[in-house]
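Here's a quick tour of a model you may want to open in your viewer. Have a look, then read on.

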Amino acid sequence: MNASSIINDEMTLEEKLAAIDQAMANAQAQADEDAASRGAIAAPLDPADLTMCDGCQ
């Protein structure tokens, strides 16, 4: 997830926090859909996973 696609310098702190919350909700919804299509249940996403590149995980 690219932070610059979610927030920008023109936003207030409240707008930035709301955008991050919405991005997290969207990511969880996508994980839930993916798991449901496999007949599984998705665990909650760890917010720290979205702050690291895939190679660092």
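## Starting on the helix

Let's begin with Asn-26, which sits in helix α1. Keep in mind that this is a predicted model. Asn-26 has a relative accessible area of 45%, so the residue counts as partly exposed, given that the partly exposed class lies between under 20% for buried and over 50% for exposed.

If you want a distance to check along the chain, try Asn-26 to Ala-36: these two are ten residues apart, and their C-alpha atoms are separated by 15 Å.

## Ile-20 and the greasy patch

Ile-20 also belongs to helix α1, which covers residues 13–37. Its relative accessibility is 39%, so Ile-20 is classed as partly exposed.

Which residues join Ile-20 in a nonpolar surface patch? Leu-13 and Leu-17 do, and the three together offer about 280 Å² of accessible area.

## The largest pocket

Ile-20 turns up again in the lining of the largest pocket. That pocket has a volume of about 210 Å³. Its lining includes Met-1, Asn-2, Ala-3, Ile-6 and Ile-7, along with Ala-23 and Met-24. Pro-47, Leu-50 and Thr-51 are on the list too.

How does the lining of the largest pocket split by class, and how many charged residues are in it? The count is nine nonpolar and two polar residues, with no charged ones.

## The chain start

Met-1, one of the pocket-lining residues, is located in the segment before α1. With a relative accessibility of 56%, Met-1 counts as exposed, because the exposed class begins over 50%.

Met-1 also gives you a second pair to check: Ala-27 is 26 residues away in sequence, yet the C-alpha to C-alpha distance between Met-1 and Ala-27 is 9.3 Å.

Notes
Residues are numbered from 1 along each chain as its sequence is written. This is a predicted model: local features need pLDDT of at least 70, side-chain atom pairs count only at pLDDT 80 or more; totals for chains, interfaces and linings use all residues. Side-chain values use heavy atoms; hydrogens and water are left out. Patches are made of residues with over 30% relative accessible area and no salt bridge: like charges are joined within 9 Å, nonpolar side chains (Val, Leu, Ile, Met, Phe, Trp, Tyr) within 5 Å. Accessible areas come from the Shrake-Rupley method with a 1.4 Å probe; for residues, only the protein chains shown count as cover. A salt bridge is a side-chain nitrogen of Lys or Arg within 4 Å of a carboxyl oxygen of Asp or Glu. Helices (H or I, at least four residues) and strands (E, at least two) are DSSP runs, numbered from the N terminus. Buried means under 20% relative accessible area, exposed over 50%, partly exposed in between (1.4 Å probe, protein chains only). On a 1 Å grid over the protein atoms alone, a cavity is a set of points where a 1.4 Å probe fits but cannot get out, and a pocket is an open set with protein on both sides within 12 Å along at least five of seven lines; lining residues have an atom within 4 Å of a point. Grid points are joined across faces, edges and corners, and a volume is the space filled by probe spheres set on the points. Ala, Val, Leu, Ile, Met, Phe, Trp, Tyr, Cys and Pro count as nonpolar, Asp, Glu, Lys and Arg as charged, and the others, Gly among them, as polar.
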